[in-house]
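Let's take a walk through this model, starting from a single residue and working outwards. Have the structure open so you can follow along.

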Amino acid sequence: MPVTLKDVAKKAKVSPVVVSKVLHGNLDGIRVSVATAERVREAATELGYRVNIWARNFRTQRAMMIGVLNGLGIERPSFRTGPRYFASLMDGIVEGAFQHNYSVALCPELLNGNPLDAINDGRFAGLVWYSISPSESNLQALANCTVPSVICHARAATFGERHATVICDNRQGIGMAIDHLIEKGHRKIAFAIESDRLNVESEERLAGYRNHMDRHGVTVLDSDILDVLQDRKALHTYLAEGPKHTAVICHADGLAADFINFSPTHGVRIPQDLAVVGFDSTEFCEELRPTLTSVSQPLYDIGLRAVDLVIQMVEGAPKDSLELVLPCGLDIRGSTDFIRSGVSA
């Protein structure tokens with residue numbers, strides 16, 4: 001049978017209240033001498049006593065679990081295959097939780113079902129939402145959420161500034177990509193987006209593309225915005241007809257990977273005929289041939305800071321900010337390793 005608090009108290013010849021004070025750190029009104037505290041710890045070690053976290057949480061009415069939730073109606077990304085977005089984000093979330101001695105839960109019922117019952121029933125101290133789209137179902141779920149929550153990849157204003165958010169500087173990141181392509185001699189630069197997978201960040205990246213192209217004196221035409229749906233028919237058509245641009249910036253690495261993978265089928269060489277830039281820049285980019293130049297989104301830091309914000313809210317400390325915006329980088333790889341000359345808009 002498991003060793004109980006009363007067993008430790010009996011061996012140390014003290015009351016259970018004293019053991020609770022020494023081992024659990026509660027009961028602020030109780031004073032224990034150094035010698036007694038040491039005797040309690042020695043007894044606990046000899047008996048092999050372990051703190052029952054669930055029992056402690058029940059007594060203190062405090063959960064020590066951070067829930068990680070996917071947006072409603074959005075498929076959970078894979079840890080194992082394709083772009084490593086989810087794995088990189090989760091690394092930061094788990095590290096942040098562990099630094100604060102919290103656990104992390106990914107519950108299937110919450111990922112793609114209706115989370116409204118589970119998120120408010122006391123099982124979680126706080127929540128980190130990711131992959132949120134501003135759909136009516138997501139807005140309603142967040143409006144009814146009473147648990148301290150932080151939303152990754154979103155703006156606080158989208159949710160009425162009721163929840164803190166952490167997001168990368170999408171426009172700044174796209175600006176770095178455009179500067180790089182311009183330096184390589186490109187002027188005919190397209191932006192590829194999936195209109196059936198739009199979210200706040202995709203829209204910010206598209207707006208950043210327009211702004212930074214204008215900064216370089218390049219007019220953006222409707223034909224420069226490539227809408228590539230998930231069925232990829234439009235992508236095959238674009239490549240089969242011969243690219244009308246010398247470079248393309250994709251709103252996400254998954255789409256950029258398809259440009260690289262499908263191009264040989266249509267006789268298009270990357271980067272000689274078409275330079276390709278993605279967005280996220282995880283280890284996945286190194287697996288492609290050629291390797292993928294990509295805007296580096298600080299996914300690990302986004303997860304880490306999201307948990308920091310949640311726990312600040314749980315513990316009643318002042319939040320660092322209602323909206324944290326983290327800068328991006330640019331990892332230059334083989335998919336843009338070609339200098340063009342004599343290119344005109």
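Find H251 first: this histidine sits in the loop that links strand 8 (247-250) to helix 12 (253-262). Keep in mind that you're looking at a predicted model. Is H251 buried or exposed? H251 is buried, because its relative accessible area comes to just 5%, and the cut-off for calling a residue buried is under 20%.

So which side chains does H251 make polar contacts with? One is E194, whose side chain pairs with that of H251 at 2.6 Å. Another is S202, with a side chain-to-side chain polar contact of 3.0 Å. If you set aside residues up to four places away in sequence, H251 touches F191, A192, I193, E194, S202, R205 and F279. Both polar partners, E194 and S202, are on that contact list.

Now zoom out to the sheet. The model has an open sheet of 6 strands, and reading across you get the order 7-6-8-9-10-12, with mixed pairing. Strand 7 and strand 12 (329-331) are the edge strands; each has a single partner, so one side of each has no neighbour in the sheet. Going from one strand to the next, the twist averages 25°.

In the order given, strand 8 is followed by strand 9. Strand 8 pairs with strand 9 (residues 275-280) in the parallel sense, over 3 bridges. To spot one of these in the viewer, look for V248, whose bridge partner in strand 9 is V276. Helix 12 packs on this sheet, where it touches strand 6 (189-193), strand 7, strand 8, strand 9 and strand 10 (293-296). The direction of helix 12 makes about 155° with that of strand 9.

Helix 12 also brings us to helix 11. Which residues of helix 11 (residues 233-240) are buried? They are L235, Y238 and L239. Looking down the axis of helix 11, you'd see these buried residues fall within an arc of 95°, so they line one face of the helix. That buried set packs against strand 7 (225-227) and helix 12. On the face turned away from the buried side, helix 11 carries the exposed residues K233 and A240. Following the chain past helix 11, you come to G242, a glycine with a positive phi, near 90°.

Technical notes:
Residues numbered from 1 in each chain as written. Predicted model: local features only at pLDDT ≥ 70, side-chain atom pairs only at ≥ 80, totals over all residues. Heavy atoms only, no water. Helix = DSSP H or I, 4+ residues; strand = E, 2+ residues; numbered from the N terminus. Buried < 20%, exposed > 50% of the residue type's maximum accessible area, 1.4 Å probe, protein only. Polar contact = N/O pair within 3.5 Å; in protein donor to acceptor, adjacent residues only side chain to side chain. Contact = heavy atoms within 4.5 Å. Arc of directions from axis to C-beta. Pairing = 2+ DSSP bridges. Axes fitted to C-alpha atoms, helices over the stretch in contact; angles between N-to-C directions.
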